[in-house]
Amino acid sequence: MGPEKDCWYLYTLLPLEGTVAALEKEHREASEVSAGCAGCEPDQTIEILMSDLDPAVMNIFTRAHSASAHHATKESGIDKIIPGMVIDDYLFDPCGYSMNGVAKDGCYMTIHITPERSCSYVSFESNVPVSSYDEVVARVLHAFRPGRFVLTVFATPDAAGSAAPRQLKSFSSLCGYEQKEAQYCRFSGYELHYALYAKFPS
Ligand SMILES: C[S@@+](CC[C@H](N)C(=O)[O-])C[C@H]1O[C@@H](n2cnc3c(N)ncnc32)[C@H](O)[C@@H]1O
């Protein structure tokens with residue numbers, strides 16, 4: 001989905017044997033979306049894939065600046081994005097950062113940071129069961145200040161955030177960013193929204 005430079009690939013798995021039967025099952029499940037997805041757990045996932053990041057923020061994720069992964073987690077505000085998570089973080093040498101966070105209810109957040117200026121990149125992913133992603137998105141953008149980002153949201157019809165893909169679809173701008181591209185699809189009991197945002201010219 002999306003233009004070539006910022007495209008995002010979705011891979012779905014079909015059972016190996018009987019592609020016709022598998023495709024028919026896929027179509028049946030897709031048509032069950034409006035009536036709910038029998039036998040499926042509520043499920044939702046947000047991904048924010050950021051590039052052209054603020055060099056001052058990226059500097060936090062270097063050993064020259066931060067004495068430990070814990071310091072980088074605190075200084076960047078990563079610990080405040082979804083409060084209450086138990087965080088396992090790692091600061092690479094000389095730079096780079098990865099973290100996984102788990103909450104008591106089992107939901108997760110994971111962030112991976114490539115701070116090198118020539119190819120700066122941060123990925124954020126979580127299945128936190130919120131009804132609106134506005135606050136999470138705002139906190140992530142505030143922490144990392146990307147020049148551009150791809151946002152994807154998956155949700156089943158019975159998930160707390162089932163309206164989130166459509167809410168995001170209707171945004172024309174987000175925290176000082178302009179929506180450059182948006183796509184939406186339904187498949188296998190999920191709704192999926194893809195959008196590409198870039199900073200408004202200053
Ligand atoms: C945090 S890792 C994650 C990469 C992964 N492809 C991702 O984004 O999910 C990438 C960053 O860690 C740095 N790094 C340092 N040592 C590394 C190592 N042994 N393995 C992987 N990345 C390392 C890289 O230079 C880069 O800045």
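In what follows, Ala, Val, Leu, Ile, Met, Phe, Trp, Tyr, Cys and Pro count as nonpolar, Asp, Glu, Lys and Arg as charged, and the others, Gly among them, as polar. With those classes in hand, let me turn to the structure, which is a predicted model.

I shall start with the protein as a whole. Its 202 residues include 44% that count as buried. The protein has six helices and nine strands. The accessible surface comes to about 10,900 Å², and 55% of this belongs to carbon and sulfur atoms. If one takes the contacts between residues at least 6 apart in sequence, 62% of them join residues at least 24 apart.

Next, the strands β2, β3 and β4. Strand β2 covers residues 86-91 and strand β3 covers residues 97-102; the two pair in the antiparallel sense over six bridges. One of the paired positions is Leu91, whose bridge partner in β3 is Tyr97. The hairpin of β2 and β3 has five residues between the strands, and there Gly96 takes a positive phi near 110°.

On to β4, residues 108-114, which runs antiparallel to β3 and is joined to it by six bridges. Tyr97 appears again here, as its bridge partner in β4 is Ile113. Tyr97 is thus a bridge partner of Leu91 and of Ile113. β3 and β4 also form a hairpin, again with five residues between the strands; Gly106, in the turn, has a positive phi of about 95°.

One residue of β4 deserves a closer look: Thr110. Is Thr110 buried or exposed? Its relative accessible area is 11%, and because buried means under 20%, Thr110 is buried. A polar atom of the Thr110 side chain lies 3.1 Å from the backbone oxygen of Met99. Leaving out residues up to four places away in sequence, Thr110 touches Met99, Asn100, Ser123, Phe124 and Glu125.

I now come to the ligand. Which residues surround the ligand? They are Phe92, Cys95, Gly96, Tyr97, Ser98, His112, Ile113, Thr114, Pro115, Glu116 and Tyr121. Taken alone, the ligand exposes 580 Å², and the protein buries 53% of that. By the classes given at the start, this shell divides into six nonpolar residues, four polar and one charged. β3 and β4 each supply at least two residues of the shell, and β4 gives the most, with three. Glu116 has an N or O atom in its side chain that is 2.6 Å from an oxygen atom of the ligand.

Two further positions lie elsewhere in the chain. Asp6 is found in the segment before α1, the helix of residues 19-31. Asp6 counts as buried because its relative accessibility is 12%, which is under 20%. Its side chain and that of Arg148 are joined by a polar contact of 2.5 Å. Apart from neighbours within four places in sequence, Asp6 is in contact with Met1, Arg148, Val150, Tyr194 and Leu196.

Lys25, by contrast, is placed in helix α1. At 45% relative accessibility, Lys25 counts as partly exposed, since that class runs between 20% and 50%. Lys25 and Asp158 are 133 residues apart along the chain, and their C-alpha atoms are separated by 20 Å.

To close, I would return to Tyr97, which pairs with Leu91, pairs with Ile113 of β4, and belongs to the residues that surround the ligand.

Key
Residues numbered from 1 in each chain as written. Predicted model: local features only at pLDDT ≥ 70, side-chain atom pairs only at ≥ 80, totals over all residues. Heavy atoms only, no water. Pairing = 2+ DSSP bridges. Helix = DSSP H or I, 4+ residues; strand = E, 2+ residues; numbered from the N terminus. Buried < 20%, exposed > 50% of the residue type's maximum accessible area, 1.4 Å probe, protein only. Polar contact = N/O pair within 3.5 Å; in protein donor to acceptor, adjacent residues only side chain to side chain. Contact = heavy atoms within 4.5 Å. Near = heavy atom within 4 Å. Areas by Shrake-Rupley, 256 points an atom, 1.4 Å probe, with all protein chains shown as cover.
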